[in-house]
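Q: Could you take a close look at the place where the two chains meet, and at the strands that help build it? I'm new to this, so please go step by step.

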Amino acid sequence: MSEKVKLPELEEGTEVFNVPFPKDKDLSVLKKMTPIIVKRQYLINYIYSYGQDSPFFAALANGRLIGTRCPKCGYTYATPKGHCMYCGVETEWVELPETGRVHTFTVCHFGSEEFLKETPFILALIEFDGVDTLFLTRLVGVDVNNPTLDWIGMEVKPRFRRNSQFKPTDVYFVPVDK
Amino acid sequence: MRPVYVVAGGVSKFAKARPDKTFQALVKEAYDYILQDLCIEHPKMVELIDGVVGSYFSDHFEYQLMAAIMVQDYLGLVPKPGHRVEGGGATGGICFQEAWKAVASGYMDVVLAYGFEVMSKVNTWKGNEFIALASDTTFDYPVGGFYSGYYAMMVVRHMKEFGTTPEQMAMVSVKNHKNAMYNPFSQAPMDITIEDVRKAPMVAWPLTRLDICTMSDGAAAIILASEEGLKKIEDAAGRTLPKVKVTGIGRGTDAMRMADRPHGDVPLLPHEKPEDYVGDKFLGGKLKYPGIHSFRAGRMASIQAYKMAGITNPLEELDFIELHDAYTSSEIQTYEDMGLCRYGEGGKFVEEGYPFMPNVDYRIDKPLPHKGKIPVNPSGGLIAAGHPVGATGLMQAVFALWQLQGTIGKHFGDETLQIKNAKRGAIHSHAGTGTYVTVSILEREE
């Protein structure tokens, strides 16, 4: 099966101030017209609060990775949750272990528009000893062109961006020997 | 609860882009198909319909909030009761079940359910961004939000735990694209090989472009009725109609963040035993469930729907399934959730031919010893028939209805996909890495 040969579609158009239309009174031809397609833009700035999750981002800015733990049952969340799913009580902040392991991963060769320019990149879920849930992150320092199931179980450690953007990508993971 | 009948359904032509019509007119296309099929004029149908449930996934795609009411007024069904439902990829399946509730509860006798999506208003990569906004936008989306990436991570874990292979996934792609060649409403009919699937551009390892559904424009509509409502429709149509009943309804959920899902025990179906998931073949000697490899919501939905329908062994008691194959991998994972095989055996299940149509030549150079045992996605599924999100679960209901009516030949203009003597089928609708899943059982009444 071969891909059709074609030029890429562009989203730039031409400004048009009028289009053809019948000059006479007979409008029956309008049913046979192709549609008019116009460009519309939608830009928004949100005032987005991290709420009870805010300390997680403050920790990343200071080179620390923290999760939450239920004071009642001890269930520990690698990705912070303000209340325990099982006990319903408010959780406490705890430091995550210094190393973890790759639980699963993928190499993205395409992506959402916002991340398309960063491809190929690796998404991975990290597991930690003594922690019940996982943590989604970028994995760097392995060959994106040679993914293998053997990466699962690989020991990894967090590394932090010096200039924090207050996003979960302020932390990423690398193999422990890198 | 009262018995609920699925009376008639219609779909639009599904395509990558339908700029010829607005979303209102796309739904009208599906709705008018019902009128033609029943030979009932619009004013009479308006008189018969007590209320409507409308569904579409994304205000972002539509560039319109409250789009469902705009459809309802375009169809001429105001000022009757109506509401919109939304639940990601499962939007259509939830819509079907909400319409069922309205009838089963005695609230209404005749309900129209319709769903639609127009995804072509943005390019594919912006569309993927919209879809990825249906993941936690604090912790997940900013890391590189991309649903194909999320599902790829899930199947990579499935491969590690169970030995599932990309070639087994490719067989699903070959099957569904080939089935779609006999479905004139389908978006992507293709006669392809396992090799074609593996050689297609890599999207998120190991999923290639042919392992993944594409953006779709389209609509679907379906009429559900009580016994009394069915009689009124039959009177208006001037003939008796095939009786297809909803005999089971199930719905499950799971945490939005995959990271939060537990590693516990499998909720068992009647034909399974706890020992099935203990032993050396599982990492650590015991299957940890659902983790990242399986959809707990799909299992919960199946348990409820089967219980209500009295199904104890789905492989033996269902004649076909239309399930949510947004990815070839998720079709394999869903065989297991729905209990067609044990967890971990989904790859082998497709390799042995179970979900293929018995009478279609797939050009697969393997024996397929159980070919045609339980056809899955005879219509072509999401991968090949189309996935206009809000319409998808209803599209499955329409195709399932036609199978049970024995009218595939009439609607598709070709008998190839008609499952012989189909008596009971299941439809399965699934949202965001398994957050909402619905399973509904449809049955022909003798």
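A: Here is a walk through the contact between the chains, then the strands behind it, and finally two residues of chain B. Keep in mind that this is a predicted model.

Let's start with the contact itself. Chain A puts in 50 residues and chain B puts in 44 residues. Together they bury about 4200 Å² between chain A and chain B, and carbon and sulfur atoms give 64% of that area. There are charged links too: the count between the chains is 2 salt bridges. One of them joins the side chains of E113(A) and K126(B), with 3.2 Å from N to O. Polar contacts also cross the interface of chain A and chain B, with 24 residue pairs found.

So which elements of chain A each supply at least two residues to the side that touches chain B? They are α1 (54-61), β4 (100-108), β5 (121-127) and β6 (135-138). The top contributor is β4(A), which gives 6 residues to that side. If you sort the residues on the side of chain A that touches chain B by kind, you get 29 nonpolar, 12 polar and 9 charged.

Since β4(A) gives the most to that side, let's stay with it for a moment. This strand is mostly covered, with 8 of its 9 residues buried. It has β5(A) as an antiparallel partner, and 7 bridges link the two. Want a spot to find on screen? Look for V107(A), which stands opposite I122(A) in β5(A). β4(A) also pairs with β7 (155-160) of chain A, again in the antiparallel sense, over 2 bridges. There, G100(A) faces V156(A) in β7(A).

Chain A has another set of strands to look at. Here 3 strands make an open sheet in the order β2-β1-β3, with antiparallel pairing. β2 (76-77) and β3 (92-95) are at the edges of this sheet; each has a single partner strand, so one side of each is left without a neighbour in the sheet. Strand β1 (66-69) of chain A pairs with β2(A) over 2 bridges, and R69(A) is the residue standing opposite T76(A) in β2(A).

Now hop over to chain B, where two residues make a nice pair to study. K371(B) sits in the loop between α15 (346-351) and α16 (381-384) of chain B. Is it buried or exposed? With a relative accessible area of 30%, K371(B) is partly exposed. In sequence, K371(B) and G353(B) are 18 residues apart, yet in space their C-alpha atoms are 4.1 Å apart. Beyond its sequence neighbours, K371(B) touches several residues, among them E352(B), F356(B), M357(B) and Y362(B). V360(B) is also touched by K371(B), and the side chain of K371(B) reaches the backbone oxygen of V360(B) at 2.6 Å.

The other residue, S429(B), belongs to strand β12 (424-430) of chain B. S429(B) counts as buried because its relative accessibility is 1%, and the cut-off for buried is under 20%. Leaving aside neighbours within four places in sequence, S429(B) is in contact with residues including G89(B), H324(B), Q396(B) and Y436(B). G93(B) is in contact with S429(B) as well: a polar atom of the S429(B) side chain lies 3.3 Å from the backbone nitrogen of G93(B).

Methods
Residues numbered from 1 in each chain as written. Chains lettered and ligands numbered in written order. Predicted model: local features only at pLDDT ≥ 70, side-chain atom pairs only at ≥ 80, totals over all residues. Heavy atoms only, no water. Contact = heavy atoms within 4.5 Å. Buried area = accessible area lost by both parts, 1.4 Å probe. Salt bridge = Lys/Arg side-chain N within 4 Å of Asp/Glu carboxyl O. Polar contact = N/O pair within 3.5 Å; in protein donor to acceptor, adjacent residues only side chain to side chain. Helix = DSSP H or I, 4+ residues; strand = E, 2+ residues; numbered from the N terminus. Nonpolar A, V, L, I, M, F, W, Y, C, P; charged D, E, K, R; others polar. Buried < 20%, exposed > 50% of the residue type's maximum accessible area, 1.4 Å probe, protein only. Pairing = 2+ DSSP bridges.
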